[in-house]
Structure formats: C-alpha cells, structure tokens
Amino acid sequence: MRAASKHDLRHAARARRRALAARTDAAGREAAARAIAEAVLGFVPDPGRVAVYESLPDEPPTGRLVEALLESGHEVIVPVVLDDFSLEWRYAVRGAAADEATVRRPGRGGRTAGADERRDWLGTDALATCELVVTPGLSVDTHGTRLGQGGGCYDRALRHRDPGAPVVVLLHEGEQSTADLPADPHDVPVDGYVTTTGRVVRLR
C-alpha cells in the first residue's frame, strides 16, 4: 500500500481543520486562546525575545499569547512572508488584532507593507536572537517532524535559530500524528507542541 504523500496529508489536515473551525464558537476559541497562552507562559524562559506567528481564523489562536508575552515583559517578533517565501520579522504591537492575519502569509493574500514599515523590520536571521520559537503547523509526529503548509518558509527560517532555543508548534487537540510523517532532507524537526487544551508535549 502506498504511503500517503505530504500533499495528501496536507489536504486531509486542512479539511479536518476547516471542519473543526466551523463547529468552534467564540467561547471555544477564547478558551483555546487562554489555554495556549497559559501553557506557553508556563515554560517560556525569563523575559527575552520570542517569535510567534499571527494566526488565521482556522489556526490555533495566538492573539492572546502575544498579548500575554508582551504583558510579561517579553519582546515578541512576528513574521512577514516575502515574495520568495522567505520570512522577515517585525516587532509585535500590543493591542493589534493578531487573529486578523494582517501579515502576508503564503497563498493567503494580505496587505503589502509600505517603505516606512519595512525600515523597522529586523532581518531574515532574527530567529538567531530568540529564546523560543512558536511556529504554525498542520500536524507533528512523535519524532518532531512538522507538516507545514508547503511553502518551506519555516524550514528555511529555522536554520537561523539559536540551536539552544526550543521550537514548538501550536495544534488543535487531536491534530498530532501517531504515524510517522514524511520528511524531506530540508525539513527541520521541532522540539514539541502545545494543543488548544493547554497540553504541552516535549519530543526532543
């Protein structure tokens, strides 16, 4: 029997995520946001720099996490996807609606930043200065293999990170994979994941 390809797995994962988002009400989303924020704050190092993505409506919500990190004295940076699918980084702004996905994301559209805003970007290698990196993903297996959206943005960006900084993925509860996910040579394994129920799983 042929093993499922990354394309097939992404298609199934996206469909599952859309269905989950459709049946999750505002209260459920707020509970997930709180659980994620509390879980990450429970193991994040002393105040330093943390990289977090700005979530889309069907992704585990990150807006409350960004606010909680900022309120706790952390410096938070968030990504901007360039035309070549590289990730630039900028400072998160307190009070910004992170769940509205104002940042450009691959295949999702979004606004184009102006010259004034680009002057404040931190460079494509900004992950080297972070104590923790929180990434998106559709699934993660027990070896830390992450199934992303297919653009390779984070696999390239993670090569700049401090090797001592943990990388964690946010998942809806139940999205973790019990079977091994396919991995390419360029894929960068992650150290663990946090679910929307606040469950923290360390893998490496």
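User: Starting with Val 188, is this residue buried or exposed?

Analyst: Val 188 is buried, with a relative accessible area of 9%. Buried means under 20% relative accessible area, exposed over 50%, and partly exposed in between, with a 1.4 Å probe and protein chains only. Please note that this is a predicted model, in which local features need pLDDT of at least 70, side-chain atom pairs count only at pLDDT 80 or more, and totals for chains, interfaces and linings use all residues. Residues are numbered from 1 along each chain as its sequence is written, and side-chain values use heavy atoms, with hydrogens and water left out.

User: Where does Val 188 lie, and what does it touch?

Analyst: Val 188 is in the loop between β7 and β8. Helices (H or I, at least four residues) and strands (E, at least two) are DSSP runs, numbered from the N terminus. Not counting residues up to four places away in sequence, Val 188 touches Asp 155, Leu 158, Arg 159 and Arg 161, where contact means heavy atoms within 4.5 Å. Ala 157, 31 residues away in sequence, is 9.6 Å from Val 188, C-alpha to C-alpha.

User: Which loop holds Gly 174?

Analyst: Gly 174 is also placed between β7 (167–171) and β8. At 47% relative accessibility, Gly 174 counts as partly exposed. The C-alpha atoms of Gly 174 and Thr 197 are 10.0 Å apart, with their positions 23 residues apart in sequence.

User: Zooming out, how many helices and strands are there?

Analyst: The chain has 5 helices and 9 strands. Read along the sequence, their pattern is α-α-β-α-β-β-α-β-β-β-α-β-β-β. Of the 204 residues, 47% are buried. Among contacts with a separation of 6 or more, 74% are between residues 24 or more positions apart.

User: What about confidence? What is the mean pLDDT?

Analyst: The mean is 87, and 87% of the residues reach 70 or more; pLDDT is the predictor's confidence in each residue, from 0 to 100. Among the elements, helix α4 (residues 115–118) has the lowest mean, 63, and strand β8 (residues 192–195) the highest, 98. Over residues 97–111 pLDDT stays under 50, and the model has 39 contacts beyond four places in sequence for that stretch.

User: Why is α3 described as largely enclosed?

Analyst: Helix α3 (residues 63–71) is largely enclosed by the rest of the structure because 7 of its 9 residues are buried. They are Gly 63, Leu 65, Val 66, Glu 67, Ala 68, Leu 69 and Leu 70. Their cover includes α2, β1 (49–51), β2 and β7.

User: What follows α3?

Analyst: Gly 73 follows α3, with a positive phi near 95°. Gly 73 is also in contact with Pro 47, as are Ser 72 and His 74, leaving aside neighbours of Pro 47 within four places in sequence. Pro 47 lies in the loop between α2 and β1 and is exposed, with a relative accessible area of 56%. The C-alpha atoms of Pro 47 and His 74 are separated by 4.6 Å, although the two are 27 residues apart along the chain.

User: Which residue has a positive phi although it is not a glycine?

Analyst: Phe 85 does, with a phi of about 70°. Phe 85 belongs to the loop between β2 (75–81) and β3 (87–91), and at 30% relative accessibility it counts as partly exposed.

User: Pockets next. How much space lies in the second largest one?

Analyst: The second largest pocket holds about 200 Å³ of space. Of the 13 residues that line it, the closest to its centre are Leu 20, Thr 24, Gly 28, Ala 32 and His 172. On a 1 Å grid over the protein atoms alone, a cavity is a set of points where a 1.4 Å probe fits but cannot get out, while a pocket is an open set with protein on both sides within 12 Å along at least five of seven lines; lining residues have an atom within 4 Å of a point. Grid points are joined across faces, edges and corners, and a volume is the space filled by probe spheres set on the points.

User: Which element gives the largest share of that lining?

Analyst: Helix α2 does, with 3 residues. The elements that give two or more residues to the lining are α1 (6–22) and α2 (26–43). By class, the lining has 5 nonpolar, 5 polar and 3 charged residues. Ala, Val, Leu, Ile, Met, Phe, Trp, Tyr, Cys and Pro count as nonpolar, Asp, Glu, Lys and Arg as charged, and the others, Gly among them, as polar.
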